[in-house]
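Visitor: Please take a close look at one part of this model, namely the pairing of its charged side chains, and then set that part in its wider surroundings. I would welcome a careful, connected account.

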Amino acid sequence: MTTLTETDAVDGLRDALGLLKDREQVAERLLAASAKHSFDPERELDWDAPFEEGKWFWPPELVSLYDTPMWRRMSEEQRILLSRHEAAALASLGIWFELILMQLLVRHIYDKAATSAHVRYALTEIEDECRHSKMFARLVTRSDTPWYPVSRAHHTLGRVFKTISTTPGSFTATLLGEEVLDWMQRLTFPDERVQPLLRGVTRIHVVEEARHVRYAREELRRQMVTAPRWSQEFTRVTSGEFARVFSVAFVNPEVYTNVGLDRREAVAQVQASGHRREVMQKGAGRLTEFLDDIGVLRGVGRRLWRSSGLLA
C-alpha cells in the first residue's frame, strides 16, 4: 500500500475515496511499470499477415447496428465489412483524441519541475500516445479503409476545448476517451472471433492505457480537492458537454454509406437501439461511478452526462 509523504499527511488531502496517494510515488511506480511493459507495435505485430476469412474486425456485439432490424437484414459478409469500417473509424477517433490528450499533457507539465517523477511519467505517456497514434494510423491503412476524421464541428470543438480546458477538465476528458474504449478493447483482444491483428493492437493499447488511466484518476482526484470552486464547476459543465460530443463522434456515419447501407436509416436505428445504449453505458459505467464519487457528476454537468446517453 502506498504511504503518504509527510507533506500530504499534514495537508490531509482527502476525498470521498479516502486519502490521496503521494503524486511522486504514484509516478515512480508507473515509470517502473512502463519500463517493464511497453511495446513497439512495429516489431510486436505482424502487419504483413493476411486477414483471416470470416473473422471479425470488432466483436459483433460491439458493432453499432448489432441486434437492430437493419442488422437482421444484413448478410454475414456485410456485417463483417461493417465491423472492419467501424474498427477503422474508432482508430481514427483514437488518433484525434490522443492528439488532444498529448497537448493537454504538455500544458499540464509546462509549469512543473522537469526533474520530478510526475513530469517524467507524463513525458513517458506522451511517448506511448505517439506510438499508439502511429499504430492506429497503420491499422487504418492496413485495413484498406478510408481514414474517418471527426466532423468539422467536432474538430473545431476539440480545438476550443484544448485551449480553454482547466487541468481537472483535461483529466476528466482524458478518462472519458480512454475508459470507454478500454472496456471495449478488453472484450476484443481475447476474442478468437476477431482478426489477430486487431487483437494484437487492442492488447497493446489495453496494457499501456491502464497506466494512463491510473495517472489521470490520481491527478483528477487531487485537482478536484485543490482546484478553486469555479474550476470545479467549470469541469462539471465542460466534461458533460465533452461527453455529449464523444457519444456522437463514437461512430462515424460515413461507415454506413461505405458498406452500402442507407446512412439516415442506420443512424436512426442506432439511436433507437436499446442494445447500443446498454453497451455505451456499460462502457462508461466504471468511469461514471468514479466521477460521481469525486464530485464531477453534479448539477448541470450531471444533466449533460445523462443527455449524452453514457449515464443511465
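Guide: A helix here is a DSSP run of H or I with at least four residues, and the helices are numbered from the N terminus. With that in mind, we can turn to helix α6, where D128 and R131 both lie, 3 residues apart, or about one turn of the helix. The model is a predicted one, and in it D128 and R131 form a salt bridge whose closest N and O atoms are 2.6 Å apart. Neither side of this pair is left at the surface in the sense used here, since D128 and R131 are both buried, a word that stands for under 20% relative accessible area.

R131 also has a partner from elsewhere in the chain, for its side chain meets that of E208 in a salt bridge at 3.2 Å, N to O. This second pair links distant parts of the chain, because E208 belongs to helix α9, residues 196–226, whereas R131 sits in helix α6, with their positions 77 residues apart. E208 is buried, as is R131. R131 thus takes part in a bridge with D128 and in another with E208.

A pair with other surroundings is found in helix α10, residues 229–249, where R244 and E241 stand 3 residues apart, about one turn of the helix. Their salt bridge has its closest N and O atoms 3.2 Å apart. R244 has a relative accessible area of 33% and is therefore partly exposed, and E241, at 35% relative accessibility, counts as partly exposed too. In another group, K21, R214, E218 and R221 are joined into one network by salt bridges that share partners. The structure holds 24 salt bridges, and those named above are among them. The charges behind them are 43 positive and 44 negative side chains, and the centres of these two sets lie 4 Å apart.

Now for the surroundings. The protein contains 14 helices and 2 strands. Its radius of gyration is 20 Å, which agrees with the value near 20 Å that a compact globule of 312 residues would have. Taken along the principal axes, the C-alpha atoms fill a box of roughly 65 × 45 × 35 Å. Of the 312 residues, 54% count as buried, and the accessible surface comes to about 14600 Å², with 53% of it belonging to carbon and sulfur atoms. The link between helices α6 and α9 can be read beside a figure for the whole protein: among contacts between residues at least 6 apart in sequence, 80% join residues at least 24 apart.

Two further acidic residues deserve a look for their backbone. Most residues other than glycine have a negative phi. D144, in the loop between α6 (117–142) and α7 (152–164), nevertheless has a positive phi of about 55° although it is not a glycine, and at 68% relative accessibility D144 counts as exposed, because the cut-off for that class is over 50%. D67, which is found in the loop between α3 (41–44) and α4 (69–73), has a phi near 65°, again a positive value in a residue other than glycine. With 45% relative accessibility, D67 counts as partly exposed.

Definitions and conventions: Residues numbered from 1 in each chain as written. Predicted model: local features only at pLDDT ≥ 70, side-chain atom pairs only at ≥ 80, totals over all residues. Heavy atoms only, no water. Rg over C-alpha atoms; globule rule 2.2 N^0.38 Å. Buried < 20%, exposed > 50% of the residue type's maximum accessible area, 1.4 Å probe, protein only. Contact = heavy atoms within 4.5 Å. Areas by Shrake-Rupley, 256 points an atom, 1.4 Å probe, with all protein chains shown as cover. Lys, Arg positive; Asp, Glu negative; His and termini not counted. Charge placed at Lys NZ, Arg CZ, Asp CG, Glu CD. Salt bridge = Lys/Arg side-chain N within 4 Å of Asp/Glu carboxyl O.
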